Amino acid sequence: MNMADQRRLEGLRGELRLDEPLARYLTWRTGGRAQRLYRPADLDALSLFLARLRAEEPLLFIGLGSNLLVRDGGFAGTVVLTHAAGRHPELVDGHLYAEAGVASPKVARFAARNDLAGAEFLAGVPGTVGGALAMNAGCYGAQTWDIVERVLTIDRRGVQRLRAAEEFDTGYRHCALKDGARLGESEWFAAAWFRLAPGDGAAARMRIKDLLARRVATQPLALPNAGSVFRNPPNDHAARLIEACGLKGLARGGARVSEKHANFIVNPKGAGRAADIEWLIDTVRATVRERTGVDLVTEVRIVGAAT
């Protein structure tokens, strides 16, 4: 960042760090550095920050850092960190409102406490509302966009825009704007209003408890991971294919394919480098394609420069 850029960004509310290690912000606990990392005080501060940023500046938004691998060479641009522990969902005009940086499980618990039904599955989504919207995250038969009424987006100029759910094309692990604007490149999710039905809060809390128990029993949650690595192919499961190819336990560096759930790559103590994890992803995909003919599609986003 040159001095002119630095002066443009001075005085903004929030926290700006230079040459910031990203491993602490990513659930794999590994990855390179960001040239700049900005944690906005609120959405208005983020709008002003983006308005002052150079138009050609590479941008990466991070919530809780799941479903993301930053290569060891780091990210040559600005990372915006949306997650803030102090942000909480609210009830607004009959809808549940949450900013993009709110953790998805918070939405599930808040809805249950307020006797609203339909958001319980979000307790099993290991990320923020913004990430859940961007990839139409879901589990156990439900998806994020099933319950979205409208969203607030923010673009590279810092302009905030209300958009109805009907403006988006959504599907399994897919979300795109019908007008061609590029989510994650020129426009990002800032908040959402969820449409939930009145329900039994006690029953919702029990469903959340059961869902979390199933996750603990079947997924390697005690070890650093980024969630499911591959999408499930039609009428099949990525984990079944990976296990059938004998790839459970395949290791490189400190990272390995989980023995508990084959569609997870774990990185105990953050010992593996991003290059080790990317090698495992590429090797698993190539092996499954060679042995079964199925070309697995990654859910994980991989960004940055290799060393």
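**View 1. Strand 15 sits inside the fold.** All told, 8 of the 8 residues of strand 15 are buried, so this strand is largely enclosed by the rest of the structure. Here, buried means under 20% relative accessible area, exposed means over 50%, and partly exposed is in between (1.4 Å probe, protein chains only). Strands (E, at least two residues) and helices (H or I, at least four) are DSSP runs, numbered from the N terminus. Please keep in mind that this is a predicted model: local features need pLDDT of at least 70 and side-chain atom pairs count only at pLDDT 80 or more, while totals for chains, interfaces and linings use all residues. Residues are numbered from 1 along each chain as its sequence is written, and side-chain values use heavy atoms, with hydrogens and water left out.

**View 2. An open sheet built around antiparallel pairs.** The sheet has 5 strands in the order 6-7-15-11-12, with antiparallel pairing. Strand 6 (90-92) and strand 12 stand at its edges with a single partner strand each, so one side of each has no neighbour in the sheet. On average, neighbouring strands are turned by 35 degrees against each other, direction ignored. For such angles, axes are lines fitted to C-alpha atoms (for helices, over the stretch in contact), and values run from 0 to 180 degrees between N-to-C directions. Two strands count as paired if DSSP finds at least two bridges between them. Strand 7 and strand 15 are joined in the antiparallel sense over 4 bridges, with Phe 194 of strand 15 as the bridge partner of Leu 96. Strand 11 pairs with strand 15 over 7 bridges, also antiparallel; look for Val 151 and its bridge partner in strand 15, Ala 192. Strand 11 also pairs with strand 12, antiparallel over 5 bridges, and there Arg 150 has Ala 164 of strand 12 as its bridge partner.

**View 3. Two helices lie across the strands.** Helix 2 (residues 43-52) lies across strands 7, 11, 12 and 15, running at about 40 degrees to strand 11. Helix 3 lies across strand 6, strand 7 and strand 15, and runs at about 155 degrees to strand 7.

**View 4. The largest nonpolar core.** A nonpolar core is a set of buried Ala, Val, Leu, Ile, Met, Phe, Trp, Tyr and Cys residues joined through side-chain atoms within 4.5 Å. The largest one has 35 residues, and Val 107, Trp 145 and Phe 194 touch the most other members. Elements giving two or more residues to this core include strand 7 (95-99), strand 11 (148-155), strand 15 (187-194) and helix 5 (201-218). Helix 3 supplies the largest share, 5 residues. Apart from this core lies another, of 23 residues, among them Leu 69, Phe 230, Val 257 and Val 288.

**View 5. The surroundings of Phe 194.** Contact means heavy atoms within 4.5 Å. Leaving out residues up to four places away in sequence, Phe 194 touches His 95, Leu 96, Ala 98, Val 107, Val 129, Thr 144, Ile 147, Val 148 and Glu 149.

**View 6. A network of salt bridges.** A salt bridge is a side-chain nitrogen of Lys or Arg within 4 Å of a carboxyl oxygen of Asp or Glu, and by this rule the count is 28. Arg 161 and Asp 155 form one of them (3.8 Å, N to O); Arg 161 is partly exposed, at 27% relative accessible area, whereas Asp 155 is buried, at 6%. In another, the closest N and O atoms of Asp 179 and Arg 163 are 3.0 Å apart. That pair links distant parts of the chain, 16 residues apart: Asp 179 is in the loop between strand 14 and strand 15, and Arg 163 is in strand 12 (residues 160-164). Arg 163 is buried, with a relative accessible area of 5%.

**View 7. A salt bridge between two loops.** Arg 173 and Glu 299 meet through their side chains in a salt bridge (3.4 Å, N to O). Arg 173 is in the loop between strand 13 (168-171) and strand 14, and Glu 299 is in the loop between helix 7 (274-292) and strand 20 (301-303), so the pair ties together parts 126 residues apart in sequence. Arg 173 is buried at 14% relative accessible area, and Glu 299 is buried at 16%.
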